[in-house]
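Here are my notes on this model, as numbered points. Please read them with the structure open.

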Amino acid sequence: MSATFGDERPPKEIRFGIGDVVGVTLFEAGSGGLFIPSEAGVRPGNFVTFPNQSVDANGYITIPYAPPIQTKGRTPPEVQRSIVEALKNRAIEPQVIVTLVEQRTSMISVLGDVNSPARFPANAAGEHLLDAITRAGGPKSQGFDEWVTLERAGRRATVPFGAVVYEPANNIYVHPNDTIYIYREPQTFLAFGALGFGGQDSGAQKPFDAWHITLAEAVAKSGGLKNDLADPGAVFLYRGETRRVAEMLGVDCAAFDGPIIPVVYLVNFRDPAGFFFAKEFAMRNKDVIYVSNSLSVETAKAMTYFRLVVGTVNDPIVAAQNALIIKNLLNTTTSTVAAVAGGASASP
């Protein structure tokens, strides 16, 4: 938020807009003036309160015996001075109090995945982003899957809700006519390879279910390394890093044109240092983990494939040999039967 809306100061004082309801009270120094009758001594004070009125479509309000008073885009003290200037030659030392009775234009909208979506008046004292979200009832969930979008004057910025909570720089002041949208988008990572959640070369999409998780926690959420399949020395993390970070890591970025450089991290869980690294390495949304199979598994795969190929080649030969054996057997059996039959017919 702070990167897009760099001005962290409170919003300027609220100004009148078209449709706002304005109240005007006028005081005169003595009775017998333009608005206070001569018998005003029985009144509680030398003042008159005009009926509340809305700022019209042209941005004006009306005061008796005065030209239309420009109100739109002005503050109450500015409107007060205009009314006094318009009546100073007709009323007795007039003094005016102008109030905002009903605010209809300097509004803040909070919608989406909150408990009480609402459009409410901006606070003249100023309020931060979290204050406005609180006025709308707060997020429906615990917040770690929530994202916050702030739209102001045609500009828009989106950050995780956790970034607003834990990074004060993102909890900026809201301004009149801001729109805040809260939506749920779980942070997830993809896990493939020899992990405990499935069989060989399986894969799954896993949610963070927390504000932050480390690589070690992500591997554990995926069932850990599968004992009979995984190679602990070949755990890979695939991620897109900014060009600056990639260059700091020593990656040759000359072959890439965009601002995001694909980077592959290799973690060796055979080395205890790899566990400490994984414990401190924070996961990001849409990271990809791949655990390679061990050499013995790959060898077994190769042997299985080899046996399949050899078997495929040998099957026709074995079938032909079996057919020949059966044919020979049938011929021998036929000859034997014929000989026996001939001997039987030659007997007296």
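1. Start with Y65. At 49% relative accessibility, Y65 counts as partly exposed, because the exposed class begins over 50%. Y65 sits in the loop between β4 (60-61) and β5 (69-70). Its backbone deserves a look: phi is about 65°, a positive value, although Y65 is not a glycine. Most residues other than glycine have a negative phi. Keep in mind that this is a predicted model.

2. K286 is a further case of positive phi. Its phi is near 75°, and K286 is a residue other than glycine. K286 lies in the loop between α6 (272-280) and β16 (288-293). With 48% relative accessibility, K286 counts as partly exposed.

3. Now the overall picture. The protein has seven helices and 16 strands. Of its 348 residues, 35% count as buried. The accessible surface comes to about 19,800 Å², and 57% of that belongs to carbon and sulfur atoms. Take the contacts in the protein with a separation of 6 or more: residues 24 or more positions apart account for 63% of them.

4. One sheet to trace by eye is open and holds five strands. Their order is β8-β7-β11-β9-β10, with mixed pairing. The edge strands are β8 (118-121) and β10 (155-160), and each of them pairs on one side only. On average, neighbouring strands of this sheet are turned by 15° against each other, direction ignored.

5. At one end of that order, β9 (residues 146-152) pairs with β10. The sense is antiparallel, over six bridges. Strands of a sheet pair through backbone hydrogen bonds. For a register check, use T149: its bridge partner in β10 is T158.

6. Which residues does Y183 touch, beyond its neighbours within four places in sequence? The contacts are D113, D145, E146, W147, T149 and T158. Y183 itself belongs to strand β11. T149 and T158, both on that list, are the bridge partners of the previous point. The C-alpha atoms of Y183 and E146 are 5.6 Å apart in space, while the two residues are 37 residues apart in sequence.

7. D145 also forms a salt bridge with R184, and the closest N and O atoms are 3.1 Å apart. D145 lies in the loop between α2 (129-135) and β9, and R184 is in strand β11, so the pair ties together parts that are 39 residues apart in sequence. Is D145 buried or exposed? D145 counts as buried, because its relative accessibility is 2% and the cut-off for buried is under 20%.

8. P186 brings D145 up again. Not counting residues up to four places away in sequence, P186 touches D145 and N285. P186 is found in the loop between β11 (179-184) and β12 (188-193). Its relative accessibility is 28%, so P186 counts as partly exposed. P186 and G143 are 43 residues apart in sequence, with 10.0 Å from C-alpha to C-alpha.

9. A second salt bridge between distant parts of the chain joins the side chains of R270 and D231, at 3.0 Å from N to O. R270 is in the loop between β15 (260-267) and α6, and D231 is in strand β14 (residues 230-242), 39 residues apart. What about exposure at either end? R270 counts as exposed at 57% relative accessibility. D231 is buried, with a relative accessible area of 18%. That value falls under the 20% cut-off, so D231 is put in the buried class.

10. E85 and K88 give another pair. Their side chains meet in a salt bridge at 2.9 Å, N to O. E85 counts as partly exposed, at 49% relative accessibility. K88 counts as partly exposed too, at 41%.

11. To close the salt-bridge list: how many are there by this rule? The count comes to 13 salt bridges. Look also at R239, E241, R284 and D287, which are linked in a network of salt bridges.

Definitions and conventions
Residues numbered from 1 in each chain as written. Predicted model: local features only at pLDDT ≥ 70, side-chain atom pairs only at ≥ 80, totals over all residues. Heavy atoms only, no water. Pairing = 2+ DSSP bridges. Helix = DSSP H or I, 4+ residues; strand = E, 2+ residues; numbered from the N terminus. Axes fitted to C-alpha atoms, helices over the stretch in contact; angles between N-to-C directions. Buried < 20%, exposed > 50% of the residue type's maximum accessible area, 1.4 Å probe, protein only. Contact = heavy atoms within 4.5 Å. Areas by Shrake-Rupley, 256 points an atom, 1.4 Å probe, with all protein chains shown as cover. Salt bridge = Lys/Arg side-chain N within 4 Å of Asp/Glu carboxyl O.
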